[in-house]
Amino acid sequence: MDSLTYPFTDLPAAGQRFKVADGVYWLRFPLPFALDHINLWLLEDGDGWTLVDTGLGVRQSQTIWQTLLAEQLDGKPLARVVVTHYHPDHLGMAGWLQQRSQAIVVTSRGEWELASHICASTDEQAITGFRTFLGSHGLAGDVLDQVAGKGNGFRRVVRPMPQDPQFIGAGDSLTINGQCWTVHIGRGHSPEHLCLYRDSDHLLISGDQVLPTISSNLMVRPSAPEADPVTAFVDSLTAIRDALPEDTLVLPAHGLPFRGMATRINALVAHHAQQLDVVLAECQRQSRCAHDILPVMFDRKLDVQQLMFAMGESIAHLNCLVEQGKVQREDLNGVWHFAA
Ligand SMILES: [Zn+2]
């Protein structure tokens, strides 16, 4: 198979469920930024429901959830909420749903630890952390103020954090409606991203780890400034590709359900290899900081939110080249520069 196929092109309306497989329903929530929407997956589970991902913690999600809980669950309780990873469009409504349904929240230890760590920081600590980190990678002046000056935005769209999660990880499985869903772990986009695979009919809930049309953001965070998420992302993606059959129906968190997973993963791997080549070529010409690299990696104008993500990608690819021994980094007047 050399191109992707999309078996469902009708979108579920906000507040309604749409069946995509036996016992599996698609919910689609709007997002107030460029990503536009997130897909959540509602799974029949005996006398109740298991939900995968929850929506951004904002009033609009709450309104849609009130409709769904009242009209779309056939009078059965939400028994379990699986959070694939810590990002607020996935985690944001988990605590609110838990308070209303007493659902058990399930996630991985790595995602929980990072979410808890981010939530614990004050606005001031978040600003200082990002200012210092992005400043050390060449962002300065007004732009740095705008990107780093928002404080702890995470806490404002995760309301509240859920309580007492159960942890699952690599090699575990969940029994949902009597059927086995195996856990596959993605890395790089987030620390320990849960993907769930139903062996009986080759269904993968992929979260943000495998997306059909956009590449998942790879972010280096101030708390782990020398991390190499590019290698982690590529290695975990290829492991998923090699473990699962090509006819797998992928249910992604953004975009349409699709088949052609190996083709898509190969394209994502090639994309990062190409970005590494471009960044390396730039560092061979002259010593560059992460901010200098942006125009060679991104051929479009970046708004403030995109600039934050773009700096993450730039630092990620530079860190990967350091890890591979292809560039060295040196401190020039408080800014990290990278030269081949
Ligand atoms: Zn994400």
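**Exercise 1.** In this predicted model, determine which arrangement the four donor atoms around the zinc ion form.

*Solution.* Step 1: identify the donors. The protein supplies His85 (NE2), His87 (ND1), His189 (NE2) and Asp208 (OD), lying 2.1 Å from the zinc ion.
Step 2: examine the angles. The four donor atoms subtend angles of 91 to 168°.
Step 3: apply the criterion. Four donors count as tetrahedral if all angles lie between 85 and 135 degrees. Because the angles around the zinc ion reach 168°, the arrangement is irregular.

**Exercise 2.** Describe how the donor residues of the zinc ion are spaced in sequence, and state where His85 and Asp208 lie in the chain.

*Solution.* Step 1: the spacing of the donor residues follows the pattern H-x1-H-x101-H-x18-D.
Step 2: His85 belongs to the loop between β5 (78–82) and α2 (88–91), and Asp208 to the loop between β11 (203–207) and α8 (229–243). The two residues are 123 residues apart, so the pair links distant parts of the chain.
Step 3: as for accessibility, both His85 and Asp208 are buried.

**Exercise 3.** Explain why Cys180 and Cys195 form no disulfide, and decide whether each of these residues is buried or partly exposed.

*Solution.* Step 1: a disulfide requires two cysteine sulfur atoms within 2.5 Å.
Step 2: the cysteine sulfur closest to that of Cys180 belongs to Cys195 and is 15 Å away, which is too far for a bond. Cys195 is likewise in no disulfide. The structure holds zero disulfides.
Step 3: Cys180 has a relative accessible area of 39% and is therefore partly exposed, whereas Cys195, at 0%, is buried.

Terms used. Residues numbered from 1 in each chain as written. Predicted model: local features only at pLDDT ≥ 70, side-chain atom pairs only at ≥ 80, totals over all residues. Heavy atoms only, no water. Buried < 20%, exposed > 50% of the residue type's maximum accessible area, 1.4 Å probe, protein only. Donors = N, O, S within 2.8 Å, 3.2 Å for Na, K, Ca; no water. Tetrahedral: all angles 85-135°; square planar, octahedral: opposite > 155°, others 65-115°. Helix = DSSP H or I, 4+ residues; strand = E, 2+ residues; numbered from the N terminus.
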